[in-house]
Amino acid sequence: MFEALQDKFQQAFKNLRGYGTLTPEAIDEALREVRMALLEADVNFNVVKALLERVRVRAMGEQVGAEFTPAQEVVRIVRDELVEILGHDASLLTFSKEYPTVLLMVGLQGSGKTTTSGKLALWLSKKKKRPMLVSCDVYRPAAREQLAVIAKAIGIPCFAGDGIDSPVELALAAKKDAADRGHDVLIVDTAGRLHIDEPLMKEVAELRATLRPSEVLLVADGMVGQDAVKSAQEFHERLGATGVILTKLDGDARGGAALSIRHVTGQPIKFIGVGEKYDALDVFYPDRIVSRILGMGDIMSLIEKAEEKIDKQKALEVHQKLQSDSFTLSDFRDQLAQMRSLGPLDQMLGMLPKVGMLKNVGKVQVDEKELIRIEAIINSMTEKERRRHDIINGKRRKRIARGSGTSVQQVNQVLKQYVQMRKMMKTMSAGLLGKQLSRLKMPAGLGGLDPKA
Amino acid sequence: MVQTLFGPQEQKTSLFSRLKQAVSSTKSQLVERLDLVTEGRQEIDPALLDDLEATLIMADLGVKTSSQIMDGLRDQTHGGRLQDAKEIRGVVEQEILKVLEHPGNGTAKRTVPQKPPEGQPEVILVVGVNGVGKTTSIAKLARYYQEQNRKPLLVAADTFRAAAIEQLDVWASRLRMEVVKQKAGSDPSAVIFDGLKAAKSRNFDPVIVDTAGRLHTKHNLMTELSKMCRIASREVPGAPHQVLLVIDATTGQNGLSQARQFIEHSGATGIILTKLDGTAKGGVVVAIARELALPIQFVGIGEKIDDLIPFNPRDFVASLFGA
């Protein structure tokens, strides 16, 4: 989602390279590009202005360290400021002491409240909560049916409230029912409304006052433009939002709304919606996103080279295994498993910095089944084979293929990928890129996928 | 909702004044800012032009389109033709009007709506990303054609989203229209096939097809859309005759990317701009008209069933800038 912004930044700072000193002109030129990039990414005009002003002031006063070129210095400041706006840590949900905790979902029409309510319920149930859903959207045709259908699909109870057509009464009845049945969380879906629609805003304010929810979650479309700040601000002022869920970020929207909304409401973005499936809801990690926004391999790795002096020990530990050639097929398998547990692979690849040998990695078409097959193949090897891949001869390959229900060709392919990956990881750790990966909390085992594929 | 939609209709006001009312928020944003910007300043100085550009950007026109308009302005100020700050609004108005009246400025290729063969139904496909208001717009669109004494048929080809079929069903019964549908999860192309068969044998016209919201970056879903178009053209020559892309007025610059992909995969012929009754300005359609030559056909200006009106660039700009 932030790829386009990344590209822009890369472009911006490419132009900035080559300046010997951090002159006001150099800063101005860089910031002009950054301004353009941020505006095209739909970051609100005033937010951009405020951000750039802070960057300019800091850049002027900043001593350019010996390790940095002026361009890197500006990047570092932009990065710091973005982190400053988005917050440093992931923000979690607050639960009340009394059952049930009420989560109130509010937002404009079409922002994705109902789908997100379902996704959130599923996410909570995976966290050992017992959520219940209720729809208070008595306006849109079939809105309540929609939530009921979603609830059924994910196996979460949904309060029907047949015959009740007042949102407040619906919510109260659901709250009581949830408490009676021992549900610890009640997710209240509401009708989409315009922030300037007085009667409807009054209604949701009343819902908030009666329900006393632990969280008022503003659901906002990630593709929204300059108007994002106005609606977010209005919702926040009227309802005291406690968090934001940004939806539809699996498209190519640049997601500048993340910056804008955070800036005007001061409330953290808690989750992002990243797909059509009900489990496509991710906790929002600001630092990860900032790394992605600024994922400009060459510049970043240079910056990190400077920081390395402090971090060297850690970096060495992370890559010791790769460098010492003790990266076995078991490690390969563990990493694949770890990777799969993190979510769909194409999304993971999207998080990687698009530089150097990883430039085209985002375009790789990844078949999840392929990963399962690789796991099966490695599972069919003996301990010894996993430790020493060079002993796997023709006969062993045949046995492994039979054991895993694959063909010898497929086994060959996996072995080839593994060897390639070892080679690649070595280059990467040497090139410090691996350190970036570990920073993104990524398992380093992506090398099996040929980026040129 | 039923009441707000079908309750006593207020006196039918002219389209122009309704649009004007709907865009009053837009107006207050853009025009009043322009007034504020030009107020008290007679000289046209660079700071004034910068403020103007900011105003356009805040209306979601986008950096590129805004700077194009500003360049036109700067040329005129340099040429000395434009000296009074008060004239600026008129010039901006003309620039935007020019873009909207001649989408793409005659350079970009543009898919134009087709006419169905004699005696065959017109097929209108309604497409867009998730949550822009496709289904609601379809109900309004159906009402619009009904008022023109045509006999629309609704086709529920959004078989993916939970309760989407029910939603269209509710609308159909409110409008006393027929809807062709299948089970949730069935092949949307099959639903279209059924719909067109029904339309041909029972003389419905036009056939308005609801499709599932899809992000324009999901390749397989966009391919599905292409397939739906193919099936439609097999049943009725030239179908779909119109492909209306629904764009939410709150959408930012991503609207451009949406339009580009929907043009490529479904041959979009026009835009329905929805949710113009909020504070959002929908300025991205100016950028779309300029870069992709896609004209705006209808605008959604409220919650009532009649709140979908044909887009008229002159009225739009006039109500945007008019006194």
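Let's start with a ring: A:Phe271 is buried, at 2% relative accessibility. Keep in mind that you are looking at a predicted model.

**Aromatic pairs**

A search of the whole structure turns up three aromatic pairs over all chains. One of them joins A:Trp123 and A:Phe271, whose ring centres are 4.8 Å apart and whose planes meet at 75°, so this pair is edge-to-face. A:Trp123 belongs to helix α5 (residues 113–126) of chain A, while A:Phe271 belongs to strand β7 (residues 269–273) of chain A, so the two rings tie together parts that are 148 residues apart in sequence.

Over in chain B, B:Tyr144 and B:Tyr145 have ring centres 5.3 Å apart and planes at 75°, so they are edge-to-face too. Are these two tyrosines buried or exposed? B:Tyr144 is partly exposed at 22% relative accessibility, and B:Tyr145 is buried at 5%. Ring pairs also bring in B:Phe298, giving a cluster of B:Tyr144, B:Tyr145 and B:Phe298.

Rings can have charged company as well. In chain A, the charged end of A:Lys129 sits over the ring of A:Phe95, 4.0 Å from its centre. In chain B, the charged end of B:Arg174 sits over the ring of B:Trp171, 5.0 Å from its centre.

**Salt bridges**

How many salt bridges does the structure hold over all chains? The count is 36. Here are some of them, with the N to O distance for each:

| Acidic residue | Basic residue | Distance, N to O |
|---|---|---|
| A:Asp80 | A:Arg58 | 3.3 Å |
| A:Glu383 | A:Arg386 | 3.2 Å |
| B:Asp187 | B:Lys227 | 3.1 Å |

Take the A:Asp80 and A:Arg58 salt bridge. This pair links distant parts of the chain: A:Asp80 is in helix α4 (residues 70–86) of chain A and A:Arg58 is in helix α3 (residues 45–61) of chain A, 22 residues apart. Both ends are partly exposed, with A:Asp80 at 24% relative accessibility and A:Arg58 at 29%.

The A:Glu383 and A:Arg386 pair sits within one helix, α16 (residues 383–387) of chain A. Its two residues are three apart, so about one helical turn separates them. A:Glu383 is partly exposed at 48% relative accessibility, whereas A:Arg386 is buried at 9%.

Then there is the salt bridge between B:Asp187 and B:Lys227. B:Asp187 lies in the loop between β3 (178–180) and α9 (188–202) of chain B, and B:Lys227 lies in helix α10 (residues 219–235) of chain B, so the pair ties together parts that are 40 residues apart in sequence. B:Asp187 is partly exposed at 33% relative accessibility, and B:Lys227 is partly exposed at 32%. Back in chain A, salt bridges with shared partners join A:Arg54, A:Arg58, A:Asp80 and A:Glu81 into one network.

**Helix α9 of chain B**

B:Asp187 has another job to look at: it caps the N-terminal end of α9(B), with a side-chain oxygen 3.0 Å from the backbone nitrogen of B:Ser189. The helix has 15 residues and reaches 21 Å from its first C-alpha to its last, close to the 21 Å expected at 1.5 Å a residue.

Which residues of α9(B) are buried? They are B:Pro188, B:Ser189, B:Val191, B:Ile192, B:Gly195, B:Leu196, B:Ala198 and B:Ala199. These buried residues pack against β1 (123–127), β2 (153–157), β3, β4 (207–211) and α10 of chain B. Just after the helix comes B:Asn203, which has a positive phi near 55°.

**Backbone oddities**

Most residues other than glycine have a negative phi, and most peptide bonds are trans. A few spots here go the other way.

The peptide bond from A:Tyr99 to A:Pro100 is cis, with omega near -15°. A:Pro100 is in the loop between α4 and β1 (101–106) of chain A. Another cis peptide bond joins B:Asp205 and B:Pro206, with omega about 0°. B:Pro206 is in the loop between α9 and β4 of chain B.

As for phi, A:Lys128 is not a glycine, yet its phi is positive, about 65°. A:Lys128 is in the loop between α5 and β2 (131–135) of chain A, and it is exposed at 74% relative accessibility. B:Asn149 has a positive phi near 60°. B:Asn149 lies in the loop between α7 (134–147) and β2 of chain B and is exposed, with a relative accessible area of 74%.

Conventions. Residues are numbered from 1 along each chain as its sequence is written. Chains are lettered from A and ligands numbered from 1 in the order in which they are written. This is a predicted model: local features need pLDDT of at least 70, side-chain atom pairs count only at pLDDT 80 or more; totals for chains, interfaces and linings use all residues. Side-chain values use heavy atoms; hydrogens and water are left out. A salt bridge is a side-chain nitrogen of Lys or Arg within 4 Å of a carboxyl oxygen of Asp or Glu. Helices (H or I, at least four residues) and strands (E, at least two) are DSSP runs, numbered from the N terminus. Buried means under 20% relative accessible area, exposed over 50%, partly exposed in between (1.4 Å probe, protein chains only). Rings of Phe, Tyr and Trp (its six-membered ring) pair if their centres lie within 6.5 Å; planes under 30 degrees apart count as stacked, over 60 as edge-to-face and the rest as tilted. A charge sits over a ring if NZ of Lys or CZ of Arg is within 6 Å of the ring centre and within 35 degrees of the ring normal. The expected span of a helix is 1.5 Å times one less than its number of residues. Contact means heavy atoms within 4.5 Å. A polar contact is a pair of N or O atoms within 3.5 Å; within protein, one must be able to donate a hydrogen and the other to accept it, and residues adjacent in sequence count only if both atoms are side-chain atoms.
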